[in-house]
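Got your viewer open? Load the model and let's walk through it together, one selection at a time.

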Amino acid sequence: MPIDRTGDDRPSLFVGWIDALPVPAALIRPLDRGNFRLHASNAAFDRLDLSPAGVSTPVELRRAVEQAAEGYGAQEFSCRLGEGVAARDLRGSIGPLTDETGDTSLYLLTLIDRTQEMMTERNLRRELVSDSLTGLPNRAGFEELVEQRMTSDGRAHHVILLLDLARFSRINEHIGPLAGDELIITVARRLKSSLRSGDILARSGGDEFAISSRLTGGRADVREMARRIRGCFDHPFRIGDLKVSVDCALGCAIQAATDTDVADQIRQAQIALKRAKQTDRIEIYEPEAAMLSDNRFGLETELRKAIEEDRLRLDFQPLVELATGKVAGFEALARWSNSEGAIVPPAEFIPIAEDSGLIVPLGQWAIGKASAVLAEWDERNGGRPVDCYFSVNVSAIQLVRDDVAAVVRGALAANDIGGERLMIELTESAIIGDPDLALSVLRELKALHARVAMDDFGTGYSNLAYLQRLPLDVLKIDRSFVEHMVEDRDKVAIVRTIQSLAEALHMKTTAEGVETPDQARLLSALGCDFGQGFLFARPMEEDAAFAYWRRSLDRPIF
């Protein structure tokens, strides 16, 4: 804006000073309501084209002029000038100038252009709350948006829904990470198209999406929303030349109008999602489920500590040779009493150990402990090796994540016992789930002279071609086939078939869950080699098991 610099009352010193400032600067005379008269300005200020009359002057600038003129001293402020891409972000200060006569009618106004700085800050902020792959909000951005919505919506109810892609890690491994990214982007597009206007969609994790929606019809709204989302996965996704079928798990938490803790609601939805992965249906958070989850977390924490402090024990259940009644060995079973002395059933703590990954150190502990007990029994037997072996379970998770052969090798060396005195039990699902890995591990175990049993045989799907390749020593017949087998000819036929298969593959058999003499005699007649069950003994502590073995030397158990 052109400035008239011919007025006689213009202080030449101030004008020269203003012209020398590198930032936009001006001398102004305050008027009513924050408006001002421009007295002198430099070229940088003129380019801003501020209107002294207040028509286009930012309200923050007018307020600062008014407060300075009212005697509040120097003022600092931030404002935005203009709109759209031409907008400028400014930081300013204004204060009175006093001449030698004490006149304070003139004020010095200076402005600093912070547009680039603010743009960088906004970009960084956008990156912090956005997912770079899909452009959707990330977890932090989702929480922020939901909090804003809850504040603006008053007493409305909302639902937070979490969606997890099933088997995405496997898909990613097979088609590659770039194709996996393309799949995530395509899923995001489909999900966005299925939502209502105003719904918030975010990518909250690697293969997890979060959705927030306003509820008007309660749980019926949730079910309808879930139906639309499920519909996104009815058709395969085309990734390059491939068609990929994907499913998802859905868990949600309904927010009460008075509940404004978004992080807590997400945690509740995660509890529901975890359950949904098990039930294969949409799950809505219930407080009872949270209580169970809290209990499981407490048990997990205590179990971790118990493993670290060696506060578990092994119980032993005998494996009896059916033809002779001789004790051939013992299965070592982990047992745990919590800090209050209460026994925690294996059916309760083993799944927790598997979910948390604690099954790996638990399995390592069991192998080491069983080997140490065998060495102790040898000493109690006058330094002579006891004529029996110990069998220890190894989970599918440990088989994949751990070097099982190295653990066994270390346990044998530490206790100076032979590998033939340990038998490693692997479930059928663990072996058949990844037969190439199982074959590699089993070969390493056989090189240590350890024996290997397939546990729960017959309950899963066994690929007989792989079974023929695996160096197994024993097939353990699941208890479900032994129960009521005396009265059920079909079960007898199944046991006979398993026995014939084992003999053809030069393997032994052990029947689990033997509870009656009739079952034991029938199993022996069918050619089954070993029996295990309450007929012979329940799992017992170490000293009782050693005494049991000693007694078996004098008379047959069966």
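Which strands does helix α3 lie across? Select residues 59-72 to find out: that is α3, and it lies across β1, β2, β3, β4 and β5. Line it up with β3 and you'll see the helix running at about 160° to that strand. Bear in mind that this is a predicted model.

Next, pick residues 115-129. This is helix α4, which packs on the sheet and touches β3, β4 and β5. Its direction makes about 135° with that of β4, the strand at residues 88-97.

Now hide the helices and look at the sheet itself. It is open, has 5 strands in the order β2-β1-β5-β4-β3, and pairs antiparallel. Colour 36-41 and 75-81 to pick out the edge strands, β2 and β3, each of which pairs on one side only. Going from one strand to the next, the twist averages 30°.

Zoom in on residues 25-30 and 106-113, which are β1 and β5. These two run antiparallel and are joined by 4 bridges. For a landmark, click alanine 25: threonine 110 in β5 stands opposite.

Last stop: bring the helices back and select 168-175 (α6) together with 177-194 (α7). Their axes come within 6 Å and cross at roughly 135°, so α6 and α7 are oblique to each other. To show the contact as sticks, take Phe168, Ile171, Asn172 and Ile175 from α6, then Pro177, Ala179, Gly180, Leu183 and Ile184 from α7. Colour that contact by class and you get 7 nonpolar residues, 2 polar and no charged ones.

Conventions:
Residues numbered from 1 in each chain as written. Predicted model: local features only at pLDDT ≥ 70, side-chain atom pairs only at ≥ 80, totals over all residues. Heavy atoms only, no water. Axes fitted to C-alpha atoms, helices over the stretch in contact; angles between N-to-C directions. Parallel < 35°, antiparallel > 145°, perpendicular 65-115°, else oblique. Contact = heavy atoms within 4.5 Å. Nonpolar A, V, L, I, M, F, W, Y, C, P; charged D, E, K, R; others polar. Pairing = 2+ DSSP bridges.
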